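The exercises below ask you to read a ligand site and a set of paired strands directly from a structure. Try each task with the structure in view before you turn to its solution.

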Amino acid sequence: MRCVIFSKVIGLCRKVIGGHSQDKDTAGHSTTSGLSVDTIPREQHNVSRADMSVNAIKVLNRLNRHGYQAYLVGGGVRDLLLGHSPKDFDIATDATPEQIKELFKNCRLIGRRFRLAHILFGREVIEVATLRGHHQETDTESLAKRSDNGMLLRDNVYGTIDEDAERRDFTVNALYYDISDYSIKAFGGGLKDLETATLRMIGDPATRYKEDPVRMLRAVRFATKLNMSISEETHQPIKPMAHLMKSIPAARLFEEYQKLFLSGKALANYKLLNEYGLFESLFPMSADIIIDNAGGKEDRLMQLVCSNTDKRIANDQRVTPAFIIAAFLWYPIERHAQTLITEAGLTYYDAIMVAMNDVCDAQCRSVSIPKRFSAMARDMWNLQLRLPRRTGARAFKLLTHPKFRAGYDLLLVRGEIEGGEVAELAQWWTTFQHADEKVQRDMVRKLGGPKRRRKPRKKKES
Ligand code: ATP
Ligand code: MG
């Protein structure tokens, strides 16, 4: 249930900062100025410090005691207003990164594009950003930089809370909890949008997507995570602008991939990303296959893997980023291998081995996959070749393979989608794993082929 309290407070405390004019910034990009602001006093909202991370409160209080403004901001406030528990607690302040560093021994300054402070408390990291302002013509490149087509390459100009709010992505994220009086400031009608479950971009959506195309992925993610509909003007430019995602460095997209596919909404995100033509910016080879064949086995496999992942997350079971990657890339590997067989005359086994490398390298140009996960995906693909070969001692040996479970799980979903021999093979492995040794030996014997050789036992020396 969305908070009914919002409707009572909206309108009570609204004021407009600045005029509702359209400014041109230095690069000639149009920015709106003058977002409305609703201020909700402590007694009229449900956000309590008891629901916040103690460490975030420590940081807020310390900044405040030293005379700085300090706000809990963005998703932390949004989720608390909605009665959810926030994933992380981000803080905004008027202290500069250097001033923040002076206040906290456990502080590390990070980022060039967007410089900010990380305050470390064991495994918890509280992110503290200095309020951002508008870029001026006189700003040096170390502070503000845009590409020719308007993409923000550096955004380190500091400003006021009102300016900062205009630089945030969605109205439901332009929420500031003020530690000095426990009030909440909501810019651009964020509270009303939260109440009506509307995701609305601040400013002109097309300009904001140009500045940072990742905001298109964020629109999809928040729409599904918060069960919101994307407002007409916010969703309309996404499809025509989806190609801008190509300019995003692959390293930045791994994190986005994880947020999209490992947060319990993989299936909904998969569908919406496809609708907007954004899926291909993350998995171009997989998207290529399904573009002309929606509902085909490849599409169905990806949907099945997404929904299985969502179920595991709902049941608090472990998930690895490698599994979805391995499953999404399996058919591109098979397809590429097929070409290698016809054009280069390779055997199926060799073709798959070569295709694995080619596809993995190509994928890393879109979303760079950390080594430990690509190694795991390779193990899973390798197992697709090895799992059919079960005679002699092979099946017993495969059971002890460290990635057997993941490889078997991929075989299972393939079997569910493809049926036929693959389904039979998956079924064989399901039975084999749970059978006792005598039954296992019988199962292997029935396959024919070389007998399982036992290692000669060493005689005990007495
Ligand atoms: P969650 O943490 O649940 O994914 P969030 O809203 O907290 O959601 P973060 O990525 O943690 O998202 O970012 C914190 C805040 O920073 C956002 O709420 C938003 O106000 C702002 N923000 C983050 N990324 C961008 C961006 N690319 N463009 C504009 N504002 C952004
Ligand atoms: Mg957050």
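Four exercises follow, each with a worked solution, and they concern a predicted model.

**Exercise 1. Describe the surroundings of ligand 1: how many residues surround it, and which are the closest?**

Solution. Begin with the shell itself, which a residue joins if one of its heavy atoms lies within 4 Å of the ligand. Ligand 1 is surrounded by 17 residues, and R78, D212, R215, R221 and K225 are the closest. Next, sort the shell by residue class: 13 of its residues are charged, three are polar and one is nonpolar. Finally, place the ligand in the protein, where it occupies the largest pocket. The elements that contribute two or more residues to the shell are α3 (75-81) and α8 (214-225), and α8 contributes the most, with five residues.

**Exercise 2. Find which atoms of G75, K87 and D90 lie at short range from oxygen atoms of ligand 1, and state how much of the ligand the protein buries.**

Solution. The cut-off for a polar contact is a pair of N or O atoms within 3.5 Å. Take the backbone first: an N or O atom of the G75 main chain is 3.3 Å from a ligand oxygen atom. Turn then to the side chains, where K87 places a polar atom 3.3 Å from an oxygen atom of ligand 1, while a side-chain N or O atom of D90 is 3.1 Å from an oxygen atom of the ligand. As for burial, ligand 1 taken alone exposes 580 Å², of which the protein buries 85%.

**Exercise 3. Trace the pairing around β9: do β6 and β8 run parallel or antiparallel to it?**

Solution. Start from D90, whose side chain was met at the ligand, and which stands opposite E127 in β9. Strand β6 (residues 90-93) runs parallel to strand β9 (residues 124-130), and four bridges join them. Strand β8 (residues 116-121), by contrast, pairs with β9 in the antiparallel sense over five bridges, and A117 has V128 of β9 as its bridge partner. The last step is the turn: β8 and β9 form a hairpin with two residues between them, and G122 in that turn has a positive phi of about 60 degrees.

**Exercise 4. Identify the partners of β13, and then examine the hairpins of β12 with β13 and of β10 with β11.**

Solution. Strand β13 (residues 184-187) pairs antiparallel with strand β4 (residues 36-40) over four bridges, and it also pairs antiparallel with strand β12 (residues 175-178), over three bridges. I184 is a useful landmark for both pairings, since it is opposite I40 and is also the bridge partner of Y177. In the hairpin of β12 and β13, five residues lie between the strands, and Y182 takes a positive phi near 60 degrees.

Move now to strand β10 (residues 144-146) and strand β11 (residues 152-155), which run antiparallel and are joined by three bridges. Here K145 stands opposite R154 in β11. The hairpin of β10 and β11 has five residues between its strands, and G150 takes a positive phi near 95 degrees.

Note on methods: Residues numbered from 1 in each chain as written. Chains lettered and ligands numbered in written order. Predicted model: local features only at pLDDT ≥ 70, side-chain atom pairs only at ≥ 80, totals over all residues. Heavy atoms only, no water. Polar contact = N/O pair within 3.5 Å; in protein donor to acceptor, adjacent residues only side chain to side chain. Areas by Shrake-Rupley, 256 points an atom, 1.4 Å probe, with all protein chains shown as cover. 1 Å grid on protein atoms, 1.4 Å probe; cavity = no way out; pocket = protein on both sides within 12 Å on 5 of 7 lines; lining within 4 Å. Sits in = over half its atoms within 2 Å of the grid points. Nonpolar A, V, L, I, M, F, W, Y, C, P; charged D, E, K, R; others polar. Pairing = 2+ DSSP bridges.
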